[in-house]
Amino acid sequence: MNAVIALEELLGLPPRQLRGTLPLRRPRGRRARDAVVEPTGRHQRWGDESQSVRHALGKLDADWHDLANPRPLTYRAQMHVGPQGEEAVMRVTRVLKGGPGGATRMLYVTRYACLSQAPLLTMAHGCRLARFSGDTDTGIAAFEFALHRPIGAGELILTEFGIRFPPRQTDRFMEIRAYEGMRDLVLETSFNAAYTPIRCQAYYHPSPALPLRVLRESTGAAVNGEFQYIHLNPTPGIYGIRWE
């Protein structure tokens, strides 16, 4: 592994570009024993898809611990919905705080209804796309963004990126996973003028295996082309917006 790192430096390649092509390492030592219990239950918030998420992270030389470093303090997700009610474009803004040892990258994991082709990055601020890992069977996608500059422990940074989804996104919902330490989250949907939803709901559930609870609802003319939900100091779990 040290030799591969040295090769990356000699060839002037982005960090982890060569390491990302290596097969997953066999777990050894204390961390391998501790890994039976995932940190703070992050795997539980993905339910049956946790193995696919773990595999996608592994391709980026990452694991569950890396999802929390740097830690999102503020998480704003803005979805634009197309004329048929499909998810079209997502814009994500996050204020991040460096953990112990600081950080040089951040990870973003999501799921698409169909992953026939890679999503298209439309813009980025404070970061740049380094690598992408996707699973066509489950629709799980993991993005590795290199921060524009390394941040130290406790340091804050603002990042923003936009993603155009692959075609045929028919789920008609958006959701994010809130982890420990998040201070506020903002979910927003805007709808194409040709598509008028009859109902929008914001919802929460601790994990996919537990019942969903509706937090806010708008119907008919009250939607008026957009729907928004804001939560301060959110309880860890899954937050989302769905529409009909």
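## A walk through the model, helix by strand

Start by selecting Leu7, Leu10 and Leu11: together they form a nonpolar patch on the surface, with about 340 Å² of accessible area. Keep in mind as you go that this is a predicted model. Now narrow the selection to Leu10, which sits in helix 1, spanning residues 2-11. Leu10 has a relative accessible area of 73%, and because exposed means over 50%, Leu10 counts as exposed.

**Zoom out to the whole chain**

Show the protein chain as a cartoon and you should find 3 helices and 13 strands. Colour the chain by accessibility next: of its 244 residues, 44% are buried. If you switch on the surface, the accessible area of the chain is about 12700 Å², and carbon and sulfur atoms account for 52% of that. How do contacts spread along the sequence? Among contacts between residues at least 6 apart in sequence, 73% join residues at least 24 apart.

**Strand 10 and its two partners**

Select residues 199-205, which make up strand 10. Is this strand largely enclosed or not? Of its 7 residues, 6 are buried, so strand 10 is largely enclosed by the rest of the structure.

Add residues 213-219 to the selection to bring in strand 11, which pairs with strand 10 in the antiparallel sense over 6 bridges. For one place to look, pick Gln201 and follow it to its bridge partner in strand 11, Glu217.

Then add residues 237-243, and you have strand 13. Strand 13 is also antiparallel to strand 10, and 6 bridges join them. Here, click on Cys200, whose bridge partner in strand 13 is Trp243.

**An open sheet of three strands**

Clear the selection and show strands 3, 6 and 5. These 3 strands form an open sheet in the order 3-6-5, with antiparallel pairing. Which strands lie at the edges? They are strand 3 (103-111) and strand 5 (127-134), each of which pairs on one side only. From one strand to the next, the twist averages 25°.

To look at one of these pairings in detail, keep strand 3 and strand 6 (residues 140-151) on screen: they run antiparallel and are joined by 8 bridges. Label Met106 and then Phe145, its bridge partner in strand 6.

**The loop between helix 3 and strand 1**

Move to the loop that connects helix 3 (50-59) with strand 1 (71-81), and select Pro70 there. Display the backbone from Asn69 to Pro70: the peptide bond between them is cis, with omega near 0°.

Stay in this loop and select Asp61, which is also found between helix 3 and strand 1. What is the sign of phi at Asp61? It is positive, at about 55°, although Asp61 is not a glycine. Asp61 has a relative accessible area of 24%, so it counts as partly exposed.

**Last stop: Arg168**

Finish in the loop between strand 7 (156-164) and strand 8 (173-178), where you will find Arg168. Its phi is near 65°, a positive value in a residue other than glycine. Is Arg168 buried or exposed? Arg168 counts as exposed because its relative accessibility is 54%, and the cut-off for exposed is over 50%.

Technical notes:
Residues numbered from 1 in each chain as written. Predicted model: local features only at pLDDT ≥ 70, side-chain atom pairs only at ≥ 80, totals over all residues. Heavy atoms only, no water. Patch = residues over 30% accessible without salt bridge, like charges linked within 9 Å, V, L, I, M, F, W, Y side chains within 5 Å. Areas by Shrake-Rupley, 256 points an atom, 1.4 Å probe, with all protein chains shown as cover. Salt bridge = Lys/Arg side-chain N within 4 Å of Asp/Glu carboxyl O. Helix = DSSP H or I, 4+ residues; strand = E, 2+ residues; numbered from the N terminus. Buried < 20%, exposed > 50% of the residue type's maximum accessible area, 1.4 Å probe, protein only. Contact = heavy atoms within 4.5 Å. Pairing = 2+ DSSP bridges. Axes fitted to C-alpha atoms, helices over the stretch in contact; angles between N-to-C directions.
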